[in-house]
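Let us take a walk through this fold together, moving from one group of strands to the aromatic rings and then to the chain as a whole. Please keep the structure open beside you as you read.

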Amino acid sequence: MRKRVEVAAAVITRPDGSFLLGQRAPDTFYAGYWEFPGGKVEPGESAHAALVRELEEELGITVKRANPWITREHLYEHAHVRLHFFEVAEWSGTPNDHVHSALEWQQADALSVSPMLPANGPILKSLRLPRTMGVTHAAEIGIDAQLAALDAALAAGLRLVQIRDVTLAPEAREQLARESVARCHAHGALAVVNGDAALAAAVGADGLHLRAAQLPELSERPAFDWVGASCHTRADLEAAARLELDYALLGPVLPTATHPGASGIGWGAFHMLTRDLPMPVFAIGGLIATDMDAARGYGAHGIAAIRSVWHRSAP
C-alpha cells in the first residue's frame with residue numbers, strides 16, 4: 001500500500017485556449033516527461049493554497065484567479081497521487097522554467113510535445129470538450145425551427161450539441177438527429193444523442209448522452225468516443241465517474257421553464273455536489289451565456305442550456 005500524496009496541478013490558459021506544460025528535469029521521476037505545473041500539498045495546506053505557492057516557486061507567477069476543475073487519482077510506480085486540477089486564467093508575471101527543463105504553450109487538439117505523464121491523458125481529452133452545450137428542444141419549437149436555430153448557433157461558435165427530444169416520433173427524431181449531426185460535423189462540432197445508442201450509431205453521432213435512470217443499468221462505459229450523463233444527485237455523479245464517462249450535467253441550478261415551480265439547487269449546492277470528481281461537469285438550468293464566469297468559479301466546466309443557447313451561443 002502506497003501512501004496517497006495530494007498534489008495541486010494548474011491548467012494555466014491564455015485567451016487563445018492554449019495551456020502551459022513543463023518538462024520534468026533530469027533528476028526527477030519520469031525525467032523528460034511533460035506535465036501540468038504544480039506540486040505537493042503540504043500538511044495543513046489547502047489544495048488552492050498549495051497551487052498559489054507552487055506556481056510562484058516553480059514559475060515565478062502570482063495567481064489572481066484559480067477555478068476548481070477536476071480531481072483524478074493515479075497509481076505510479078513510486079507513488080499514489082491525487083491530483084487537484086485548477087484552471088488558472090488570471091495571473092501576473094512571466095512564466096519561467098525555475099524547476100522544469102523547458103516550458104511550452106500547447107493546444108489540446110494539436111499537442112506537439114511528448115511524452116506526457118501517464119495521468120494526464122484524460123485531462124487532455126477534457127480540455128478538448130467545448131464549454132457550452134446546446135440541448136435541442138425540437139419537440140417544443142418544431143424540427144425546422146430547431147435546425148434553423150442550430151445553423152445560427154453553429155455559425156456563432158457553438159461546438160457541442162446534445163440531440164435530446166426523446167418525445168418525438170421515431171422517424172422524426174431520426175430525421176432531426178441525422179440532419180443535426182451533419183450540420184455539426186460541417187462546423188467541426190461534436191454531436192451526442194440522448195439515451196439511444198442505436199440511434200447515435202446509426203446517424204454517426206460522436207457520442208451518447210445517458211439519462212440518470214440509465215446509469216444504474218450499466219456495468220461498463222458504452223463504446224462511443226464521447227459519453228456523458230445527466231445527473232441530479234451525488235450518487236448519479238459518482239455512478240458516472242465509476243463508468244469513466246467524459247462529462248456530466250448537473251442541475252437545474254437556477255429556476256427554469258423545464259422544471260416549473262422548482263427553485264433550482266443554487267451555486268453553493270452545485271459546488272459541493274461536484275467536488276473531487278474525475279470528469280468535467282456542466283451546469284444546467286436557467287443559465288445564459290453571461291453565467292459562464294460564475295459557473296466556472298463554482299467548479300463547472302461550462303454551461304448547458306435548452307433554450308438560451310439557441311438565441312445566443314458561445315464557444
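Two strands are said to pair if DSSP finds at least two bridges between them. Keep that in mind as you look at this model, which is predicted.

A good place to start is strand S10, residues 190-194, which runs parallel to strand S11 and is joined to S11 by three bridges. Within this pairing, Asn 194 sits opposite His 209 of S11. To get from S10 to S11, the chain passes through helix H6, residues 197-202, and the resulting β-α-β crossover is right-handed.

S11 also has a partner in strand S12, residues 226-231: the two are paired in the parallel sense, with four bridges between them. Here Leu 208 has Val 227 of S12 as its bridge partner. What, then, becomes of the two faces of S11, residues 207-210? Both are covered, with Gly 207 and His 209 buried on one side and Leu 208 and Leu 210 buried on the other.

Now please turn to Trp 34, a residue of strand S3, which covers residues 34-35. Is Trp 34 buried or exposed? Its relative accessible area is 6%, and because buried means under 20%, Trp 34 counts as buried. Setting aside its neighbours within four places in sequence, you can find Trp 34 in contact with residues including Leu 21, Gly 22 and Gln 23, with Ala 102, Leu 103 and Glu 104, and with Val 113, Ser 114, Pro 115, Met 116 and Leu 117. Leu 117 deserves a second look: 83 residues separate Trp 34 from Leu 117 along the chain, yet their C-alpha atoms are 5.9 Å apart.

The aromatic rings come next. A pair of aromatic rings is described by how far apart the centres are and by the angle of the planes. Searching the whole structure gives eight aromatic pairs. One of them is formed by Phe 19 and Phe 36, whose centres are 5.6 Å apart with 35° between the planes, a tilted arrangement. This pair links distant parts of the chain, 17 residues apart: Phe 19 belongs to strand S2 (residues 19-23), while Phe 36 lies in the loop between S3 and strand S4 (38-40). Both rings belong to buried residues, Phe 19 having a relative accessible area of 1% and Phe 36 one of 5%.

How are the planes of Trp 91 and Trp 105 arranged? They lie at 20°, with the ring centres 6.1 Å apart, so this pair is stacked. Since Trp 91 is in strand S6 (residues 80-92) and Trp 105 in strand S7 (residues 102-106), the pair ties together parts that are 14 residues apart in sequence. Trp 105 is partly exposed, with a relative accessible area of 24%. Coming back to the phenylalanines, ring pairs link Phe 19, Phe 36 and Phe 85 into a cluster.

Finally, step back to view the whole chain. It contains nine helices and 15 strands, and its C-alpha trace spans about 60 × 35 × 35 Å along the principal axes. For 315 residues, a compact globule would have a radius of gyration near 20 Å, and the chain agrees with its 20 Å. Of the 315 residues, 50% are buried. Among contacts with a separation of 6 or more, 64% are between residues 24 or more positions apart. As for the surface, the chain exposes about 14,100 Å², of which carbon and sulfur atoms supply 52%.

Note on methods:
Residues are numbered from 1 along each chain as its sequence is written. This is a predicted model: local features need pLDDT of at least 70, side-chain atom pairs count only at pLDDT 80 or more; totals for chains, interfaces and linings use all residues. Side-chain values use heavy atoms; hydrogens and water are left out. Buried means under 20% relative accessible area, exposed over 50%, partly exposed in between (1.4 Å probe, protein chains only). A crossover is right-handed if, with the strands pointing away from the viewer, the path from the first strand over the helix to the second runs clockwise. Contact means heavy atoms within 4.5 Å. The radius of gyration is taken over C-alpha atoms; the globule rule is 2.2 Å times the number of residues to the power 0.38. Accessible areas come from the Shrake-Rupley method with a 1.4 Å probe; for residues, only the protein chains shown count as cover. Rings of Phe, Tyr and Trp (its six-membered ring) pair if their centres lie within 6.5 Å; planes under 30 degrees apart count as stacked, over 60 as edge-to-face and the rest as tilted.
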